[in-house]
Structure formats: structure tokens, C-alpha cells
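Subject: Structure handover

Hello,

Here is the structure I promised to pass on. Please open it alongside this note; my findings follow below.

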Amino acid sequence: MMSIKTIYQLGSLRSLVNRIAARAMTSSTTMSSNQTEVKPFESIPGPGGIYKWPIIGTLLHYKPFTRHTPETLQEFLNEQFDKYGPVVKLRLGPTVVVLSDPKDMETVFRHEGKYPKRPQIEIQTIYYKRTGIREDLGHLQGPAWHALRAPLNRRLLKADSATLYLEQQNEVADDFVKILASKNLSPEELEDMFYRYAAESIAVVTFNKRLGLFDPNPDKISIQIIEASKAVMIASQDSLLGKSVAHKWYKNSTYKMIEKAIGTIRSTTAASVSQAYSVLQDRIKSGQLKEDEPNLLLSLLAEKDLAYEDIVVIMATLYSAGTDSTAKNIQVFLYNLARNPEKQELLRREIFENVGKNGPLTAKALSNMVYLKAALKESFRLNFPGSTGIMRILNEDLVVGNYRVPSGVRVLLFNPRAAKKNFENPEEYQPERWLRSDDSVKKDTAHNMIVQPFGHGARSCIGRRFALQEIYLLATKILQNFHVDLQPESYETKFIYKLFIEAEKTIKFKFTKF
Ligand code: HEM
């Protein structure tokens with residue numbers, strides 16, 4: 001007989017236990033672990049009747065039938081929770097079970113298996129089928145996904161993966177601050193600068209070079225990727241949340257938008273990678289390559305199971321996924337600091353203590369800066385970065401919220417609601433909640449599943465260490481030099497979502513040099 005250890009080594013103990021539980025659930029007296037009756041999938045509450053119909057059931061959630069669009073989906077989902085309770089079943093394209101209890105989120109993550117499935121974005125699936133081009137990391141599933149992801153885990157998720165690039169990324173942040181100090185930027189120009197900052201910062205990782213995006217006449221091609229990345233986000237959100245449907249049958253405007261955008265991202269990345277490759281070859285030939293230099297491209301080229309084309313796809317994904325997301329969340333962080341000047345001052349004090357008025361942000365300083373980390377985490381809690389939270393397709397039958405949910409069903413872990421419902425004074429910006437020295441906070445942070453801005457588990461964000469580092473860096477440099485404030489009309493900024501959070505109207509910051 002197989003020992004428990006052997007079964008576990010085969011990676012199947014958890015799923016075995018769950019399968020046994022699932023079988024038990026189908027019997028007439030099914031009970032969950034806390035001895036309450038497990039109810040069938042069909043009985044999960046949610047909008048019924050015509051709202052269950054394909055296509056139309058989703059479109060009815062949006063304008064002109066309600067006041068919502070995919071950009072305000074969080075408000076819509078909150079209304080559904082108020083009406084139906086903590087587990088809701090509704091149509092967002094396909095049927096989706098939306099969960100808001102952290103315990104249920106944990107159950108889903110515990111059973112996601114070796115190849116967690118995030119639902120593919122249909123418009124992208126169709127694009128890949130029609131064009132035959134290679135799918136990217138975010139789209140692939142199963143072993144094909146794992147083949148691209150594993151080499152990146154080793155290179156991007158280690159403790160020092162991002163700090164290796166600190167020196168180069170410090171320079172990018174310094175250049176940003178110089179421009180802020182010397183030019184009178186309009187709010188729109190400033191907003192654009194945040195995108196350029198994120199793109200410039202990740203380019204030193206993907207292409208081994210500065211792109212010069214802060215120059216008066218930057219390379220047009222690099223700027224095009226920024227715009228293309230925004231377009232991919234908008235089209236993807238409309239497809240994921242069931243607003244765009246016709247792309248299935250013909251090239252509607254949303255499809256044309258994503259077709260053009262992915263085409264631009266791929267072709268321009270291919271050119272940048274090819275250039276970086278030539279530079280690398282020249283440096284190897286001339287013996288200029290430093291053995292210890294951080295060089296993602298070089299290290300991926302050494303990976304025998306990755307084709308050159310895979311590397312281009314990886315770099316395209318990292319460059320575009322790493323631009324829009326980071327640029328938007330930096331602004332939200334600065335917004336929260338501007339609205340809470342006393343917290344801004346506490347953070348500035350920590351910065352001065354650790355790096356002084358002009359010093360670079362070092363890995364050592366960063367490891368000491370607990371308030372900086374708490375301040376950003378609190379910003380993520382208050383204004384959740386992603387439109388919906390995390391999505392998965394269940395790999396096995398599960399019991400969540402006392403309902404049986406079969407394998408293959410889409411679940412949406414709606415962190416934004418949990419991030420408000422499980423905290424005291426949830427609308428207040430209180431970085432102190434995340435500081436271990438404050439006892440009242442431990443209670444708040446007890447459930448680790450709630451604020452997961454980068455997702456969780458094997459399928460979580462591969463760029464998270466870089467995203468955090470870039471945000472920490474820019475916030476540090478800005479606070480070393482300026483008081484951050486808001487023009488009165490931006491004080492009550494409304495946030496909407498284009499996959500990631502963004503201000504409905506450009507935020508009007510006031511940076512006062514001191
Ligand atoms: C504040 C900035 C960012 C946020 C909030 C964010 C958030 C996320 C989230 C929520 C996911 C899905 C995780 C899951 O399903 O569990 C994700 C996936 C991903 N992110 Fe990020 N991200 C950010 C920055 C970045 C950066 C800088 C990069 C690249 C350098 C990046 C690359 C990716 C990729 C490639 C995936 C797909 C991973 C996979 O499917 O294996 N992200 N991100």
C-alpha cells in the first residue's frame with residue numbers, strides 16, 4: 001500500500017482528500033467541515049431569470065441598463081454582495097462565482113494545483129488563433145505555461161532579483177526627479193511621465209539599456225509600446241468582463257484595437273531584443289562583459305529549453321505588463337500620501353533616517369524601511385490595484401462558503417470587498433495597521449489572504465519585486481525633494497479600472513520643492 005509520504009510526494013494528497021470530500025458532498029447528507037449542510041452549486045444566490053442567459057445576462061449589468069461599465073465593476077459587485085450575501089453567482093461572460101470571504105479565498109488557493117488556471121482572455125485567445133503567433137506567459141496554461149514561467153521564477157522572484165538592478169533604477173528615479181524640479185509639467189504631462197518612468201525602469205531589465213524616454217525627443221517606437229499596453233488592458237477588460245462579444249465572429253473595433261496593440265508590442269520588442277543581443281555579442285567578443293552583472297537576457301539565452309522566440313515573448317510580456325500597472329499604482333500611492341500629510345511626514349522621516357536627503361536607496365536601507373512598505377500596502381488595501389481581484393478556473397471540485405462548486409467553474413476572489421470589510425475604519429489610510437509593533441493591527445492583518453495586490457501562489461505576478469522596488473524608489477526620491485500635495489479639485493478623485501486602477505480624471509498633484 002502506498003504510504004502517506006509517497007502520495008504526498010506524488011503531489012496528490014490534497015487533491016485526494018478533496019476528491020473524497022467532493023464525493024461525500026454528492027451523498028444525500030453532505031456536511032462541510034464545520035458541520036453545516038453543504039448546498040448544491042445551483043443554489044448559490046445571484047441574479048436569476050434573464051440574467052442567467054448567455055451574452056444578454058452580462059450585458060444587462062452594464063449601461064444603459066444600469067449605471068455601470070466594466071470600469072466600475074467593483075461598485076456593481078458590491079451591490080450584488082449587499083443583496084445576495086458573501087457568495088454570489090452571476091454572469092460575467094461565462095458564469096462566475098464571486099467570493100468575498102478570505103477563508104474561501106484561501107480554500108481556492110490551497111487547491112489550485114501545480115498549474116493554476118487563470119481564465120484566458122477570450123479576445124486574446126481568438127487573436128492568437130487567428131494570427132498563429134506565440135502566446136504569452138499570462139495567457140498560456142498548463143505545462144506550456146510552466147515551461148516559460150519556471151526559468152523566470154528562478155530569475156525574477158529571488159530575494160535579490162530586483163535589488164541587483166537598484167543602481168540602474170536609482171538613476172531612472174533621479175532623472176524623473178530632476179525633470180520634476182526643473183520643468184513646470186502640466187498634470188497630463190506629469191501623468192505621462194509616470195508611464196515613461198515605469199517603462200524606462202523595466203527596460204533596463206528587459207533590454208539592458210536606458211531608452212531615453214525622458215529626453216525631449218524620445219524614441220517614438222518605445223513610446224508606442226506604452227500606448228499599446230494601455231490599449232491591451234482596455235480591450236482585455238472588456239472581453240474578460242463580457243462587454244465585448246462580437247470579436248468572436250468578426251474583427252470588431254475592440255478586436256482591431258488589441259490586434260494592432262499586440263502587433264506593435266511584439267514587433268518593437270523583437271527589434272529591441274535583437275539589438276540587445278548584438279550588443280551582448282560584441283561585449284562578449286571584446287571581453288567587456290562583467291561576470292557578476294545583472295543580465296536577464298544573457299541568463300535566459302543560457303537556458304537550453306527556451307527558444308530565442310520564447311525570450312522575445314517573455315521580454316514583450318514583461319515590458320508591457322510592467323508599464324501600465326506600475327505607472328498607475330505609483331500615482332495612487334502618491335495620492336494617498338498627499339491626502340494624508342502626517343503619514344507622508346512619517347515616511348519622509350524614515351527616508352531621511354535611512355538614506356538621508358540625497359542618498360540613493362540601497363538594498364540595506366530598503367530592508368529597514370518598514371513604514372515605506374506599510375504605507376504602500378495600505379495604499380493597495382484602500383485602493384485595490386486590480387479591477388476585480390484574482391480569477392481562477394477551479395482544477396477540482398471544492399466547497400466554498402458551504403456551496404459545492406464543481407471543477408471547471410470560474411471563481412473571482414473579490415479582494416476589494418474583503419479589504420474593506422475586514423478592517424477597522426476601512427476608509428482611513430493607516431499604514432500603522434501593517435506594523436508588527438502595533439498590537440491592534442495584528443487582529444486586522446490576521447488573514448493573509450485579504451490584501452493580495454499581486455495575486456497569490458504559483459500564478460502570482462512574476463514582476464512583483466520590480467513593481468515594488470520601482471514604486472519604493474520613486475516615492476523615496478520624490479519625498480526626499482518635495483512636499484506632495486493635491487489641487488483642491490483632485491482631493492476626492494474617483495478611481496476606475498482598466499484592468500488596473502486609474503484616476504477617472506488626471507490627478508492634479510502639487511509638488512513643492514524644499
Ligand atoms: C503595481 C504593479 C503590478 C500589479 C498590481 C500587478 C498585479 C498582477 C496580478 C494581480 C497578476 C495576476 C496574479 C494571479 O493571477 O494570481 C499579475 C500577473 C502578471 N504580472 Fe503583474 N502586477 C504589477 C506589475 C508587474 C510588473 C512590473 C511586471 C513585469 C515586470 C508584471 C508582469 C506580470 C506577468 C507576466 C503576469 C502573468 C504571470 C503568469 O500568468 O504566470 N507585473 N500581476
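I will start at the ligand. A polar side-chain atom of Trp145 sits 2.8 Å from one of the ligand's oxygen atoms. Keep in mind throughout that this is a predicted model.

**Ligand site**

Two arginines also reach ligand oxygen. For Arg392, a side-chain N or O atom lies 2.7 Å from an oxygen atom of the ligand. For Arg459, the corresponding distance is 2.8 Å.

Which protein atom donates to the iron atom of the ligand? It is SG of Cys461, at 2.3 Å, and the protein offers no other donor. Cys461 is placed in the loop that runs between α18 (439-444) and α19 (464-481).

The ligand has 27 residues around it. Those that come nearest are Arg118, Trp145, Arg392, Arg459 and Cys461. By class, the shell holds 13 nonpolar residues, 10 polar ones and four charged ones.

Which elements build this shell? At least two residues each come from α7 (142-156), α13 and β3 (390-393). The top contributor is α13, which supplies seven residues.

**Confidence**

The mean pLDDT of the protein is 89. A score of at least 70 is reached by 91% of the residues. The model has an ipTM of 1.00 and a pTM of 0.91.

The weak stretch is residues 1-31, where pLDDT stays under 50. The model gives this stretch 28 contacts beyond four places in sequence. Where pLDDT is low, predicted coordinates should not be read in detail.

**Backbone points**

Three places deserve a look in the viewer.

- The peptide bond from Lys63 to Pro64 is cis, with omega near 0°. Pro64 belongs to the loop between α3 (56-59) and α4 (73-84).
- Asn402 is not a glycine, yet has a positive phi of about 65°. Asn402 lies in the loop between β4 (398-400) and β5 (403-405). Its relative accessible area is 22%, so Asn402 counts as partly exposed.
- Asn425 also has a positive phi, of about 45°, without being a glycine. The loop between α17 (415-421) and α18 holds Asn425. Asn425 is partly exposed because its relative accessibility is 44%. Beyond its neighbours within four places in sequence, Asn425 contacts Gln430 and Arg433.

**Single residues**

Is Glu303 buried or exposed? Glu303 is buried, because its relative accessibility of 15% falls under the 20% cut-off. Glu303 sits in the loop between α12 (296-301) and α13 (308-339). Leaving out residues up to four places away in sequence, Glu303 touches Pro151, Arg154 and Arg155.

Next, Gln120. This residue is in the loop between α5 (102-110) and α6 (122-131). With a relative accessible area of 24%, Gln120 is partly exposed. Neighbours within four places in sequence aside, Gln120 is in contact with Thr125, Glu135, His139, Leu140, Gln141 and Arg410. What does the side chain of Gln120 reach at 2.7 Å? The partner is the backbone oxygen of His139. Gln120 and Gly212 are 92 residues apart along the chain, and their C-alpha atoms are separated by 34 Å.

Last, Ala475. This residue is part of helix α19. Ala475 counts as buried, at 2% relative accessibility. Apart from residues up to four places away in sequence, Ala475 touches Phe333 and Ile351. Val98 is 377 residues from Ala475 along the chain, with 34 Å between the two C-alpha atoms.

**Where to begin**

Begin with Cys461 and the iron atom of the ligand. Then check the oxygen contacts of Trp145, Arg392 and Arg459. After that, turn to the cis bond from Lys63 to Pro64. Residues 1-31, with pLDDT under 50, can wait.

Best wishes

Technical notes
Residues are numbered from 1 along each chain as its sequence is written. This is a predicted model: local features need pLDDT of at least 70, side-chain atom pairs count only at pLDDT 80 or more; totals for chains, interfaces and linings use all residues. Side-chain values use heavy atoms; hydrogens and water are left out. Donors are N, O and S atoms within 2.8 Å of the metal (3.2 Å for Na, K and Ca); water is not among the atoms, so sites may look incomplete. Helices (H or I, at least four residues) and strands (E, at least two) are DSSP runs, numbered from the N terminus. Buried means under 20% relative accessible area, exposed over 50%, partly exposed in between (1.4 Å probe, protein chains only). Contact means heavy atoms within 4.5 Å. A residue is near a molecule or strand if one of its heavy atoms lies within 4 Å of it. A polar contact is a pair of N or O atoms within 3.5 Å; within protein, one must be able to donate a hydrogen and the other to accept it, and residues adjacent in sequence count only if both atoms are side-chain atoms. Ala, Val, Leu, Ile, Met, Phe, Trp, Tyr, Cys and Pro count as nonpolar, Asp, Glu, Lys and Arg as charged, and the others, Gly among them, as polar. pLDDT is the predictor's confidence in each residue, from 0 to 100.
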